[in-house]
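Here are some short exercises to work through with the sequence and the model side by side. Try each one on your own before reading the solution.

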Amino acid sequence: MCVWWYKAGMDVSGGNHRHEAPWKRMSKEELDNQYSPSRWVVRLGAEEAMRTYSQIGNEVSKRARATGRSLLNVPYGDGDGEKLDIYLPEAVSEAMPFLVFFHGGYWQSGSKDTSAFMVNPLTAQGVAVVIVAYDIAPKGTLDQMVDQVTQSIVFVQKQYPGNQGIYLCGHSAGAHLAAMMLLADWTKHGVTPNLKGFFLLSGVYDLEPIMHTSENAPLLPALEDAQRNSPLWQLETAPTRPADPACRILVTVGQHDSPEFHRQSREFYQTLCQGGWKASFEELHDMDHFEILWNLTQEDYVLTQPQVICRGWSWAHQWDLHGARQV
Ligand SMILES: N[C@@H](CC(=O)c1ccccc1NC=O)C(=O)O
């Protein structure tokens, strides 16, 4: 079942009219603006928002490591950068649920070492959290990053075959990498991970507009690179099906994210619905691109409740609190 949450005044009419994509009419300057999330924060200046992002990431990661219940820099592949951190709950069991997180930073910055945002609230509630490093550009190409993320999930499944579910979460560029896992061919890896949910925070799902921005152009040398790595494009042209039909996908975007980020999330959600995936969409009230992550450090935030993240997503009903309604 697809759940469409909307607020009064929100445009629910849009289809996937790619030929009419609004970004095609934008100047380079406007595209740069639309794809620079820090320029859209409302309570801080752009630079201050980025500084705060690093500072909070640093602090929460130190706090997460201070509990001593972590396995750090575990290799999931042969490459130097192919490492992940596993944060365990107090009561470790065979059948723990796992949340695997992919950090953002436009595929060019960020680190697992400063991205343990949701670790303490979730481990306190019995969920094991894995924070994955991947080779950001210029060391890594997008194809390599996608491959590394795939390998990291295979590693978790092989290491913890009795897991109660693997839930993927990604922020921004990390949401893109998580979304690419909807297209993964697990048969090549000899194991099908027990994927139960995708939790996509302010992501980018169509990389073509990014090719035309100054900051990101070097990432995507050709249109084929952008298309091959665009889950939106791929799902529209070659739809896939979940291995587990109960697998859920939550697509979220911050209210203060740019119009292009809103469009990307909405279109991705619609494409998922059309493809028969169990998807939900939520615009996070009064949130900017970075505050979404800061809220994930809080144990009492709606999205860090295990029943939201790891138990059948009964969370949806809680959104009534934010004035959203189901249609
Ligand atoms: N240069 C970007 C930085 C950025 O996009 C970003 C930074 C930290 C975490 C996520 C980000 N965006 C997506 O991956 C900006 O101006 O917002």
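A word before you start: this is a predicted model.

**Exercise 1. Find the residues of the annotated active site and work out where they sit.**

Solution. Start with the record: the unreviewed UniProt entry gives Ser172, Asp257 and His289 as "active site". These residues are spread over 118 residues of sequence, yet they cluster in space, with a largest C-alpha distance of 10.7 Å.

Next, place two of them. Ser172 is in the loop between β6 and α5, while His289 belongs to the loop between β9 (278-284) and α10 (291-295).

Now ask about burial, for which the cut-off is 20 or more other C-beta atoms within 10 Å. Ser172 is buried because it has 26 C-beta neighbours inside 10 Å. His289 counts as buried because its number is 25.

Finally, look at contacts, leaving out residues up to four places away in sequence. Ser172 is in contact with Pro37, Gly104, Ser202, Gly203 and His289. From its side, His289 touches Ser172 and Asp257, and its other contacts include Pro37, Trp40 and Ser202.

**Exercise 2. Describe the residues around the ligand by class.**

Solution. First collect the shell: Ser36, Pro37, Ser38, Tyr53, Gly104, Gly105, Tyr106, Gly110, Ser172, Ala173 and Glu215. Then sort by class, which gives four nonpolar, six polar and one charged residues. Ser172 from the first exercise is in this shell, and so is Ala173, a buried residue of α5.

**Exercise 3. Is helix α5 mostly covered or mostly open, and what does it pack against?**

Solution. Count along residues 173-180: eight of the eight residues of α5 are buried. Among them are His176, Leu177 and Met180. Then look for the partners of these buried residues, which are β4 (97-102), α4 (142-159), β6 (165-171), β7 (195-201) and α8 (231-237).

**Exercise 4. Follow strand β4 and identify which strands it pairs with.**

Solution. Begin with the side chains. Pro97, Leu99 and Phe101 point one way, Phe98, Val100 and Phe102 point the other way, and all are buried. Then check the partners. β4 runs parallel to β6, joined by six bridges, and Phe98 stands opposite Ile166 there. With β5 (residues 128-132), β4 also pairs in the parallel sense, over five bridges; in β5 the bridge partner of Phe98 is Ala128.

**Exercise 5. Look for unusual backbone geometry at Tyr106, Asp286 and the bond between Ala137 and Pro138.**

Solution. Keep the general expectation in mind: most residues other than glycine have a negative phi, and most peptide bonds are trans.

- Tyr106 is not a glycine, but its phi is positive, about 50°. Tyr106 lies in the loop between β4 and α3 (119-123) and is buried, with 20 other C-beta atoms within 10 Å.
- Asp286 also has a positive phi without being a glycine, about 55°. Its loop runs between β9 and α10, and Asp286 is exposed, with 11 other C-beta atoms within 10 Å.
- Ala137 and Pro138 are joined by a cis peptide bond with omega about 10°, and Pro138 is in the loop between β5 and α4.

**Exercise 6. Is Lys158 buried, partly exposed or exposed?**

Solution. Locate Lys158 in helix α4. Lys158 has 13 C-beta neighbours inside 10 Å, so it counts as partly exposed. As a last step, find Pro193: the two are 35 residues apart in sequence and 8.3 Å apart in space, C-alpha to C-alpha.

Methods: Residues are numbered from 1 along each chain as its sequence is written. This is a predicted model: local features need pLDDT of at least 70, side-chain atom pairs count only at pLDDT 80 or more; totals for chains, interfaces and linings use all residues. A residue is buried if 20 or more other C-beta atoms lie within 10 Å of its own, exposed if 12 or fewer, and partly exposed in between; C-beta atoms are placed from the backbone. Helices (H or I, at least four residues) and strands (E, at least two) are DSSP runs, numbered from the N terminus. Two residues are in contact if their C-beta atoms, placed from the backbone, lie within 7 Å. A residue is near a molecule or strand if its C-beta atom, placed from the backbone, lies within 6 Å of it. Ala, Val, Leu, Ile, Met, Phe, Trp, Tyr, Cys and Pro count as nonpolar, Asp, Glu, Lys and Arg as charged, and the others, Gly among them, as polar. Two strands pair if DSSP finds at least two bridges between them. UniProt positions are given in the numbering used here, feature names are shortened, and annotations may be inferred rather than shown by experiment.
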